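Me: I would like a close look at a single part of the model below. Please pick one element, go through its side chains and its path, and then place it relative to the rest of the chain.

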Amino acid sequence: DYFNLLQLMEEAASSRDANRTTLVVGGLVQHIVAQWRETFGRSVTTKFNCYFMLPFVDDFHRFLRQELQLLYDGEGENL
């Protein structure tokens, strides 16, 4: 997709066809919007995960330590 866009831009730069220029501008806009959506989605996912997973990460080491202690004390059959 990116290489097709580059080829189309090179062809439009070498010719004076208005339809090709419109096609190139449309392709660039589509590429920019696709990259924006990807970046926005990644940012939202990261913020969502940080917001909801941070309390779990803060308590996880205590939970793991308690479960390992139960295992070492011989009460591991309930795990």
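Reply: Happy to, and a word on exposure comes first: a residue is called buried when its relative accessible area is under 20%, exposed when it is over 50%, and partly exposed in between, using a 1.4 Å probe and protein chains only. The model is predicted, so local features need pLDDT of at least 70 and side-chain atom pairs count only at pLDDT 80 or more, while totals for chains, interfaces and linings use all residues. Residues are numbered from 1 along each chain as its sequence is written, and side-chain values rest on heavy atoms, leaving out hydrogens and water.

The part I would choose is helix H2, residues 18-72. Helices here are DSSP runs of H or I with at least four residues, strands are runs of E with at least two, and both are numbered from the N terminus.

Let us begin with its path. The expected span of a helix is 1.5 Å times one less than its number of residues. For the 55 residues of H2 that gives 81 Å, and the end C-alpha atoms, 76 Å apart, agree with it. There is a kink of about 45° at Met53, shortly before the proline Pro55; the bend at a residue is the angle between axes fitted to the seven residues ending there and the seven starting there. After H2 comes Gly74, with a positive phi near 95°.

Next, the aromatic rings. A pair of aromatic rings is described by the distance of the centres and the angle of the planes. Rings of Phe, Tyr and Trp (its six-membered ring) pair if their centres lie within 6.5 Å; planes under 30 degrees apart make the pair stacked, over 60 edge-to-face, and the rest tilted. The whole structure holds four aromatic pairs by this search. One of them joins Trp36 and Phe40, stacked with 5.3 Å between centres and 10° between planes. Both residues belong to H2 and sit four residues apart, about one turn of the helix. Trp36 is exposed at 55% relative accessible area, whereas Phe40, at 48%, is partly exposed.

Phe56 and Phe60 also pair: their ring centres are 5.3 Å apart, but the planes make 40°, so this pair is tilted. They too are four residues apart in H2, about one helical turn. Phe56 is partly exposed at 46%, and so is Phe60 at 36%. In addition, Phe48, Tyr51 and Phe52 are linked by ring pairs into a cluster.

The spacing of these partners has a simple background: an α-helix has 3.6 residues a turn, so residues three or four places apart point the same way.

Now the charged side chains. Side chains of opposite charge can pair when their charged atoms come close. A salt bridge here requires a side-chain nitrogen of Lys or Arg within 4 Å of a carboxyl oxygen of Asp or Glu, and the count comes to two. In one, Arg42 meets Glu38 with 2.8 Å from N to O; the two lie four residues apart in H2, about one turn. Arg42 is partly exposed at 48%, as is Glu38 at 44%. In the other, the closest N and O atoms of Asp59 and Arg62 are 2.7 Å apart, and these residues are three apart in H2, again about one helical turn. Asp59 has 41% relative accessibility and is partly exposed; Arg62, at 43%, is partly exposed as well.

Finally, how does H2 relate to the rest? Helix H1 (residues 2-14) has Leu5, Leu8 and Ala12 as its buried residues. Their arc around the axis is only 65°, which puts them on the same side of H1, where the arc is taken from the directions from the helix axis to the C-beta atoms. The buried residues of H1 pack against H2, contact meaning heavy atoms within 4.5 Å. The other side of H1 carries the exposed Phe3, Glu10, Ala13 and Ser14.

Two residues of H2 show the separation from H1 residues further along. Asp58, in H2 and partly exposed at 44%, lies 53 Å from Glu10, C-alpha to C-alpha, with their positions 48 residues apart in sequence. Tyr72, also in H2 and exposed at 66%, has its C-alpha atom 70 Å from that of Glu11, 61 residues away along the chain.
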